[in-house]
Amino acid sequence: MAPRAQEAALKPRHRVLIVDDEESTRVLLAQFLAKDLNVEAQLAGTCEQALRLAGNYAYDVILLDLLMPGIGGLGVLAAIRAASPNASTPVIIVSVVSEQQTVDRCMAAGASAYHLKPIRRAELLATVKAQLAARNKPKPPRDQDG
């Protein structure tokens with residue numbers, strides 16, 4: 001095995017949950033992330049499926065569409081933040097909704113970032129990379145005196 005292939009094989013793969021009711025979008029996002037960031041993507045096509053997966057598995061990042069049947073993306077975000085193994089997992093909203101009021105509501109509800117569709121690959125990948133890096137950064141030692 002080549003040194004670079006060995007290095008990649010030894011690196012732990014990040015787990016990403018992609019939630020979108022449009023199959024083509026789920027597949028496209030999964031392809032971007034797998035090719036450029038070597039992540040393991042799980043796909044959810046409904047809010048219920050997203051909540052089931054988020055309740056049972058810990059992810060490193062979640063990509064979430066807003067406009068979905070059922071409780072919608074904002075409802076999924078609220079449920080994840082309220083109680084799940086992913087309560088502190090970065091959630092990146094990927095949506096066609098461009099109104100600032102919606103962006104603000106998502107950020108107030110606990111979203112880590114907001115990207116508009118159509119997806120700008122380089123920007124989304126940079127955001128995912130930054131969220132993964134921040135999540136993997138060692139925590140500073142707590143002050144023993146205080």
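Visitor: What covers the buried residues of helix 4?

Guide: This is a predicted model, in which local features need pLDDT of at least 70 and side-chain atom pairs count only at pLDDT 80 or more, while totals for chains, interfaces and linings use all residues. Residues are numbered from 1 along each chain as its sequence is written, and side-chain values use heavy atoms, with hydrogens and water left out. In helix 4 (helices, H or I with at least four residues, and strands, E with at least two, are DSSP runs numbered from the N terminus), Gly72, Gly73, Val76, Leu77 and Ile80 are buried, where buried means under 20% relative accessible area, exposed over 50% and partly exposed in between, using a 1.4 Å probe and protein chains only. Their cover, by contact (heavy atoms within 4.5 Å), includes helix 3, strand 3, strand 4 and helix 5.

Visitor: In what order do the 5 strands of the open sheet stand?

Guide: The protein chain has 6 helices and 5 strands, running α-β-α-β-α-β-α-β-α-β-α from the N terminus on. Two strands pair if DSSP finds at least two bridges between them. The pairing in this open sheet is parallel, and the order is 2-1-3-4-5.

Visitor: Which strands stand at the edges, each with a single partner strand?

Guide: In the order 2-1-3-4-5, an edge strand has a single partner, so one of its sides is left without a neighbour in the sheet. The strands in question are strand 2 (40-44) and strand 5 (113-116).

Visitor: What angle does the direction of helix 3 make with that of strand 2?

Guide: Axes are lines fitted to C-alpha atoms, for helices over the stretch in contact, and angles run from 0 to 180 degrees between N-to-C directions. With direction ignored, neighbouring strands of the sheet are turned by 20° against each other on average. Helix 3 (residues 47-56) packs on this sheet, touching strand 1 (15-19) and strand 2, and its direction makes with that of strand 2 an angle of about 140°.

Visitor: Which residue stands opposite leucine 17 in strand 2?

Guide: Strand 1 is largely enclosed by the rest of the structure, because 4 of its 5 residues are buried. Its parallel pairing with strand 2 runs over 5 bridges. Opposite leucine 17 stands glutamine 42.

Visitor: Which residue of strand 4 is the bridge partner of leucine 64?

Guide: Strand 3 (residues 61-64) and strand 4 (residues 91-95) run parallel and are joined by 3 bridges. In strand 4, the partner of leucine 64 is isoleucine 93.

Visitor: From which helix does the largest share of the largest nonpolar core come?

Guide: A nonpolar core is a set of buried Ala, Val, Leu, Ile, Met, Phe, Trp, Tyr and Cys residues joined through side-chain atoms within 4.5 Å. The largest one has 22 residues, and those with the most contacts inside it are Leu17, Val19, Ile62, Leu64, Ile93 and Tyr114. Strand 1, helix 3, strand 3, helix 4 (72-82), strand 4 and helix 5 (100-108) each supply at least two of its residues. The largest share, 4 residues, comes from helix 3.

Visitor: How many disulfides does a search of the whole structure find?

Guide: Cysteine 47 is buried, at 0% relative accessible area, and cysteine 106 is buried at 1%. A disulfide is a pair of cysteine sulfur atoms within 2.5 Å. Over the whole structure, the number found is 0.

Visitor: What distance separates the C-alpha atoms of aspartate 104 and tyrosine 114?

Guide: Aspartate 104 lies in helix 5, where it counts as partly exposed at 42% relative accessibility. Tyrosine 114 is 10 residues away from aspartate 104 along the chain, and their C-alpha atoms are separated by 9.5 Å.

Visitor: What is the phi of asparagine 38?

Guide: Asparagine 38 lies in the loop between helix 2 (23-37) and strand 2, partly exposed at 34% relative accessible area. Most residues other than glycine have a negative phi, and most peptide bonds are trans. Asparagine 38 is not a glycine, yet its phi is positive, about 55°.

Visitor: Is the peptide bond from lysine 117 to proline 118 cis or trans?

Guide: Proline 118 is placed in the loop between strand 5 and helix 6 (121-136). The bond leading to it from lysine 117 has omega near 0° and is cis.
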